Amino acid sequence: MILTSLVRSAFVASSALQAPHKHGRFTRLNMAVQDGSGPFPELCVFDLDACLWDKEMFEMSSIPTESGKVKGDLNGRGEGVIGVMSGRDRISLHKGSLIALQEHHDLSYPGMRIALASSADTPFAEKVGRAALKMLEVVPGVTVWDLLMRDWDGRDVNKIGRQPPLSSNKARSHFPMIRKETDVRYDRMLFFDDCNWGDHCGMVAAACREEDSGRGVTTVR
């Protein structure tokens with residue numbers, strides 16, 4: 001899945017931009033758009049399995065460890081961790097995901113932050129995913145987790161798993177919690193999800209809407 005061009009175009013094409021809303025809460029990013037009406041979402045939310053990366057965490061056999069890091073070229077940015085081993089399986093970011101995260105690292109999307117919404121099947125699957133996030137690198141020395149923590153001043157706003165208070169329905173649990181904890185309006189969010197076994201995008205788009213604008217999360221399936 002090539003995310004980099006979609007980040008630039010998907011939100012611009014959405015009707016969500018017809019109702020800009022004022023925000024001025026970003027402190028860590030070099031904001032070019034303070035009023036929330038620019039061409040980029042304020043929050044880009046990624047699913048994990050078969051979306052941000054190439055594996056399903058519930059199919060993995062072990063939690064990745066430091067000894068299972070796989071080094072290689074990070075899209076011309078130098079050598080870093082391009083994969084982590086779980087048993088015989090290697091977990092790696094999709095190429096488009098890596099490019100999109102590198103551009104976000106470089107502040108190419110002013111005013112935008114990122115978060116994760118994954119309905120990982122089991123507590124073990126969640127542990128596998130969190131371990132991988134803390135080892136896979138975006139640029140040398142900077143992991144995906146580092147980037148997530150940069151955006152939120154060290155707060156973990158990510159929703160991974162389906163154990164209570166989370167559920168298998170991201171529209172009922174993950175996104176309302178993200179909305180509350182980030183204070184980013186639904187109509188300023190962009191959500192990527194592969195939805196191989198169900199339509200998370202459709203459910204989130206239908207249920208997660210702002211009362212004043214009637215508009216909700218822009219989704220890309």
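In this predicted model, D183 lies in the loop that connects α6 to β9 (189–192). Its backbone deserves a second look: D183 is not a glycine, yet its phi is positive, at about 60°. With a relative accessibility of 36%, D183 counts as partly exposed, because that class lies between the limits of under 20% for buried and over 50% for exposed.

A similar backbone feature turns up at N75, again a residue other than glycine, where phi is positive at about 55°. N75 belongs to the loop between β2 (69–73) and β3 (79–86). The relative accessible area of N75 is 38%, so this residue is also partly exposed. As background for both cases, most residues other than glycine have a negative phi.

The backbone offers a further point of interest at a pair of prolines. The peptide bond running from P164 to P165 is cis, and its omega is near 10°. For context, most peptide bonds are trans. P165 sits in the loop that follows β8 (159–160) and leads to α6 (174–182). The far side of α6 brings the reader back to D183, which is found in the loop between α6 and β9.

Helix α4 turns attention from backbone angles to burial. This helix spans residues 123–133 and is mostly covered, with eight of its 11 residues buried. The buried set includes the charged-letter positions E126 and R130, together with A125, V128 and G129. A131, A132 and L133 complete the buried residues of α4.

Terms used
Residues numbered from 1 in each chain as written. Predicted model: local features only at pLDDT ≥ 70, side-chain atom pairs only at ≥ 80, totals over all residues. Heavy atoms only, no water. Buried < 20%, exposed > 50% of the residue type's maximum accessible area, 1.4 Å probe, protein only. Helix = DSSP H or I, 4+ residues; strand = E, 2+ residues; numbered from the N terminus.
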